[in-house]
Amino acid sequence: MFTPNVISKFTTTPTPFYYYDLDVLKKTLQKVKDESAKYNFIVHYALKANANNEVLNMIREFGIGADCVSGNEVKKAVECKFDSKHIVFAGVGKSDIEINYALDQNIFCFNCESKEELEIINELATAKGKTAHVALRINPNVNANTHKYITTGLEENKFGINLWELEDVVKLLKGLSNIKLIGLHFHIGSQITDMSSFKSLCMKVNEIQNWFDSHKVQIENINVGGGLGVDYHDPDNNMIPDFETYFKLFNDFLELRPKQKVHFELGRALVAQCGTLVSKVLYIKKGVNTNFAILDAGMTELMRPALYQAYHKIENLSKSSNSTSHFKYDVVGPICESSDCFGKAVELPETLRGDLVALRTAGAYGEVMANGYNLRDKVKALYSE
Ligand SMILES: *Cc1c(COP(=O)(O)O)cnc(C)c1O
């Protein structure tokens, strides 16, 4: 990934910046296409993971759809020429303006999260003389065994419609003239590495399908969301997630009805490994029990460690990794918050002011979460050739 050529380009680029290896992205997308095509599965990309134009264009070129969680994401997908027939709009709090915009674009589907939302979409669609296609986002109460801040499929989470509400929802739908139910939607969380969570999801979906059958409601589409995790600890040896096992699992365990289509909404798994945050060491500061390596990038450029104690592999690109003397550093950013820390007691070759540092696996939920706290400059991006 970091050939001498690439590193020499880094040394002449002002830091910090995101580096995107488009070759890694391309290989990942090719694998997703190949593995999902085995079962005619339909893949959407969750724009919220990374909405960089370069990245989006390549994803669209692979014929992948767009999964959006805000009106502006729908707009971005439209601007990047995703076919509106392949755009879905999810989210627990869609505003009227956002719903109206998506109705105007004739998107494929609204993933609806409550009875209240169904009523509003019906009202807004009626005013436009349109029929909105919706999928019910159902909270399957399946534990994703991931960090509590990125678990979404439990009853205590704010997302989705709970199982005990389904009876009411089906009754309600009968009276909503401008809503057409086209699917069921599930998304249990993110950075899921324990495949048994997805198996549990399949079992739950099967049960829920039986319930809909018994209520004589036909479902054309099953959307099982995203959430497939990536290897943050060993990116070089696991650049591409195990899409083969992942898609096979859904094929093995989902009990589909004739002609039913299965949809996926992957974010992180498609883009995490192609991105690196590159930063420079400003100071090595001696503390009482530790040395601090103070970088020119902080939580304003990469928020995941501060937000949910996420791990990113840290490398010193200016020193050979087989150099003999290693030291421990707390690698921190310049922002005035104690949580602005990328890693504690990180073992690195002797690190000096001016060294280039890579924060790996930063392509997902990195650049999109960058913000201007402390009036920081907007972080830039650099692409492989
Ligand atoms: C965030 C999100 C995704 C993508 O999650 P990843 O873990 O990045 O794959 C998919 N669907 C919905 C509804 C989401 O909110």
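**Ligand contacts and backbone angles**

Tutor: In this predicted model, a backbone N or O atom of Gly267 lies 2.9 Å from an oxygen atom of the ligand.

Student: What makes that pair with Gly267 a polar contact?

Tutor: A polar contact is a pair of N or O atoms within 3.5 Å, and the pair formed by Gly267 and the ligand, at 2.9 Å, therefore counts as one. The side chain of Ser190 has an N or O atom 2.3 Å from a ligand oxygen, and for the side chain of Tyr365 the corresponding distance is 2.5 Å, so these two pairs also qualify under the 3.5 Å cut-off. Taken alone, the ligand exposes 390 Å², of which the protein buries 95%.

Student: Why is Lys81 called exposed?

Tutor: Exposed means over 50% relative accessible area, and Lys81 has 64%, so the term applies. Lys81 is found in the loop between helix H4 (71-79) and strand S4 (87-89), and its phi is near 65 degrees, a positive value in a residue other than glycine.

Student: Why is Asn141 counted as partly exposed?

Tutor: Its relative accessibility is 30%; since buried means under 20% and exposed over 50%, this value falls in between, and Asn141 is therefore partly exposed. Asn141 belongs to the loop between strand S6 (132-139) and strand S7 (161-162), and has a positive phi of about 55 degrees although it is not a glycine.

Student: What is the omega of the cis peptide bond that joins Thr15 and Pro16?

Tutor: Omega is about -5 degrees for that bond, and Pro16 is found in the loop between helix H1 (4-11) and strand S1 (17-20). Most peptide bonds are trans.

Definitions and conventions:
Residues numbered from 1 in each chain as written. Predicted model: local features only at pLDDT ≥ 70, side-chain atom pairs only at ≥ 80, totals over all residues. Heavy atoms only, no water. Polar contact = N/O pair within 3.5 Å; in protein donor to acceptor, adjacent residues only side chain to side chain. Areas by Shrake-Rupley, 256 points an atom, 1.4 Å probe, with all protein chains shown as cover. Helix = DSSP H or I, 4+ residues; strand = E, 2+ residues; numbered from the N terminus. Buried < 20%, exposed > 50% of the residue type's maximum accessible area, 1.4 Å probe, protein only.
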